[in-house]
Amino acid sequence: MGDLKALISIDGESSTEDDPIVIQKEAGPTSKAVQDFGLHQSETPSTSARGATLSRNNHLLDVDQPLIMGNDSVPPNIPINGSAGSSNRNIDNSEPIFHLRSRTAAASTPNYESLDYEVCENTLFQDEQRKRLTERFSLRKDIIRWIIFIQIGIITALIACTIDIIIEELSKRKYTFLYNSVKENVPLSDASDRDLLIPYLYWLLFSIVPVAFGAAMVTYIEPITAGSGIPQVKSYLNGVKIPRIVRIKTLAVKAIGVITSVVGGLAGGKEGPMIHAGAVVAAGISQGKSTTFVKDFRIFKAFRDDHEKRDFVLGGGAAGVSAAFGAPIGGMLFSLEEAASFWNQNLIWRTLVASIISVFTLNIVLSAYHGLNDFTFTGLFNLGKFDTPLKFDYFELPIFMILGVTGGLLGAAWNSLNTKINKFRKRFIPWKIGKVLEAIVVAMMGVTLACLMIYFINDCRPLGNDPTNNPVQLFCEDNEYNAVAALWFQTPEATVRSLFHDPPGSHKILTLALFTVVYYVLSCATFGLNVSLGVFIPTALVGAAWGRLLAMLTYYVFPQAEFLHPGKYALIGAAANLGGVLRMTISLSVILMETTGVETSFFFPLIIALISAKWVGDYFNEGIYDTQIQVNHVPMLTWEPLPQYKGLKARDILSKPVVCIKLHDSANYIYQMLKKCDHNGFPVVDDVRGDRRSEGRVCGIILRSQLIVILLKSLYVENKRFWLPETSIQTFRDVYPRYPSIKSVRKLDDKINYTVDLSMFMNPSPIRVNPHDSVPRIFQIFRALGLRHLLVINNENRIAGIITRRDFIYK
């Protein structure tokens, strides 16, 4: 299917092995799956499903070749469940454990893998807890956790400062050179000397070179860095393993990509990628080691699991938002509203502290860099303070609502158009060199459209109120500057600031009208390129432009309307357009208030515009981040179950038969099972009747990663006296997050008859439900606890089936 084409290689971060990655079961194809979260890579995984025998009502789906869910060879409307293995070969002829399990709601999704957010409270974990209780370790662990959050805030802010300073210095040199080039080549206002060719060629050069460099790095080195990174972080926090999402190399490529893209003049900003950068910083610091550099600092060992790492990644994302906008409260609310799938009171405090520390550090560094003594440089996206307090009259509230409706319509159209463009890219531009060339073409298109506007629109304004550091006299009389060039001869953030604070009469209606249309199209074509860029700045810029334009048009019709402050309506327009594209409300309004320093009384107009934009936009489609997630078929769990699941019971969606392991099982069975089966969780059973493990009585659950470590370290009953004193929960944490593959385990040979006792390794208290429990209730349990596997047992405590994330994805 076409939907399976655009992916990045799943060999990445915390990937357990080179075997296929699967979501639950986690079972799936034996062909190497390839994924591209950001619609950029287009390598098609090999798929086959020949010799399939399909049957309904929870019967087995037998295949001679591995099957990727959603293959077109599978007839529609056939209930298919995730596979219980890669093929129909059995370890034991008495038990068909390597067949595809049936599913009532077939999910045609790529094979993403889940994260283990549930804490494995086995005997080793409980021993550690008792030991730490006697050592008063709990208090020390909490203090270390606070220290890590503070470090996350500081380092995220320093990275943000570095990116911002480099962008500012390079952009200053770029636009100063272009300014001088214009002065030399267009020295007079005489129409006969209008020659923009040389400045145009220079402008093309200064756009093509950095954009090509950044796009090449993203495409050839780390494709996961394309885009803003917010959808990837959001999916990670929801429990979906996005390969290579929090690597050091990812952070390096992301930073360089953002710098080159912004300096190259693409319609994007550096604010969105800062959230991804903060998440990478948090994931790296909290583990106390670097798997990239194979360096273990032997600190923070207690936090080496998915559950702990998740909390730090959320704090890193909040610190990134705070550094980007100088909005600590907004950063925390953004994490709550947009990113997190879970929350608790302690995490609120830690996230807020990380956000505040991030803003404080960035304020000190950038204020010192800019030579300020009052520490007023609060964020990368510094929109400046309004000279006069923004006020509104109650008769303006319907106007703000109309602006919100306009933003919702424009945002929904933008999301729809951008999705179609990205689907076109995925289908017709699959080659890496083509992705780089496409970024170059879009950069050239932006420069060309800007020069055409500057050349053909005569919009001259008197010097003194010029909004740019390099006012260009281009085609204007003495003591005048070109207002059209002022919109383009600076970074997008500076243009937003100009539209907010320029005095009335700074632009012609034609100038803003054409600029709005051009930048709307450019931003839509840019978001989805193989470059590291965010969507916040271009969206705010387009909204500010049409908001100011509507105020100018209204004032032209009603010249007595003194309430029509253009900066105020530019702010409302920016909020409405952001709400229409992103579909955020509370956090976005707080971010805009903290960024612009407007009075709390102006919160009401902002929230009216945002809510109106969200409601109108939601009628047509979802926000751009959720749309990206859906297009890539990432198995996100929403806040509520889908309507299709109402009235269903657990027996309607469970997967069976289940691959089980005896409490005391042979090492050879476990080894052969791991070689031929791709699951990541196995119920542990006893009271097995004959060899029918799948009908045993449930004792607990064991993870694939744990079994591989057991085999690697030869933790067998026969040599227990040698390894037992040295084995602890840290034995398993030491290999996190890149657990070894079963391929790294040598054949057992002389240990083929050895026995594994899982009583001290398994989780003895897995979450269990009854086959008659309702699916909506099961969904709430699954999502609230961050589960990866949920066992279904009958009244005799015998395994009846298993439910995983894939079982809640209806397609």
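**Figure 1. The disulfide of C460 and C476.** A disulfide is a pair of cysteine sulfur atoms within 2.5 Å. The model shown in this and the following views is predicted. One disulfide is present in the structure. C460 and C476 form this link, with their sulfur atoms 2.0 Å apart, a distance that lies within the cut-off of 2.5 Å. The angle about the S-S bond is -85 degrees, and the link of C460 and C476 is left-handed. Because C460 belongs to strand β7 (residues 460-462) and C476 to the loop between β7 and β8 (480-482), the pair ties together parts that are 16 residues apart in sequence. C460 and C476 are both buried.

**Figure 2. Two further cysteines, C120 and C677.** C120 has a relative accessible area of 18%; residues under 20% count as buried, and C120 is therefore classed as buried. C677 is likewise buried, and its relative accessible area is 0%.

**Figure 3. The surroundings of T596 in helix α17.** Helix α17 spans residues 586-596, and T596 lies in this helix. With a relative accessible area of 0%, T596 is buried. Within the chain, the side chain of T596 reaches the backbone oxygen of L592 at a distance of 2.6 Å. When residues up to four places away in sequence are left out, T596 touches L383, G384, K385, F386, F500 and L571. Among these neighbours, F500 also appears in the next view, as a member of the largest nonpolar core.

**Figure 4. The largest nonpolar core and the contacts of W488.** This core comprises 149 residues, of which W203, I454, W488, F489, F500 and L582 touch the most other members. Helix α2 (residues 137-185) supplies the largest share of the core, with 13 residues. Apart from this core lies another of 34 residues, which includes Y671, M673, V709 and V756. Leaving aside residues up to four places away in sequence, W488 touches Y175, W203, G446, A450, M453, I454, F515, V518, Y519 and L522. Two of these partners, W203 and I454, are themselves listed with W488 as residues that touch the most other members of the core.

**Figure 5. Strand β11 and its partners β9 and β12.** Strand β11 covers residues 681-686 and is mostly covered, five of its six residues being buried. Strands of a sheet pair through backbone hydrogen bonds, either parallel or antiparallel. Strand β9 (residues 661-662) runs parallel to β11, and two bridges join them; I661 stands opposite V684 in β11. Strand β12 (residues 697-703) runs antiparallel to β11 and is joined to it by six bridges. In this second pairing, F682 stands opposite I702 in β12.

**Figure 6. L711 in helix α22.** Helix α22 is formed by residues 704-712, among them L711. The relative accessibility of L711 is 4%, and L711 counts as buried. Beyond residues up to four places away in sequence, L711 touches A667, I670, Y671, L674, Y716, I742 and V745. One of these, Y671, is also a member of the core of 34 residues. L711 and K747 are 36 residues apart in sequence, and their C-alpha atoms are 9.9 Å apart in space.

**Figure 7. The open sheet of β14, β15 and β16 with helix α25.** Three strands make up this open sheet, in the order β14-β15-β16 and with mixed pairing. The edges are held by β14 (768-769) and β16 (799-804); each has a single partner strand, so one side of each is left without a neighbour in the sheet. Strand β15 (residues 789-793) pairs with β16 in the antiparallel sense over five bridges, and I793 stands opposite I799 in β16. Helix α25 (residues 775-784) lies across β14, β15 and β16 and runs at about 140 degrees to β15.

**Figure 8. The chain as context for the close-up views.** The chain has 811 residues, of which 61% count as buried. Its secondary structure consists of 25 helices and 16 strands. Of the contacts in the chain with a separation of 6 or more, 77% involve residues 24 or more positions apart.

How values were computed. Residues are numbered from 1 along each chain as its sequence is written. This is a predicted model: local features need pLDDT of at least 70, side-chain atom pairs count only at pLDDT 80 or more; totals for chains, interfaces and linings use all residues. Side-chain values use heavy atoms; hydrogens and water are left out. Helices (H or I, at least four residues) and strands (E, at least two) are DSSP runs, numbered from the N terminus. Buried means under 20% relative accessible area, exposed over 50%, partly exposed in between (1.4 Å probe, protein chains only). A polar contact is a pair of N or O atoms within 3.5 Å; within protein, one must be able to donate a hydrogen and the other to accept it, and residues adjacent in sequence count only if both atoms are side-chain atoms. Contact means heavy atoms within 4.5 Å. Two strands pair if DSSP finds at least two bridges between them. Axes are lines fitted to C-alpha atoms, for helices over the stretch in contact, and angles run from 0 to 180 degrees between N-to-C directions. A nonpolar core is a set of buried Ala, Val, Leu, Ile, Met, Phe, Trp, Tyr and Cys residues joined through side-chain atoms within 4.5 Å.
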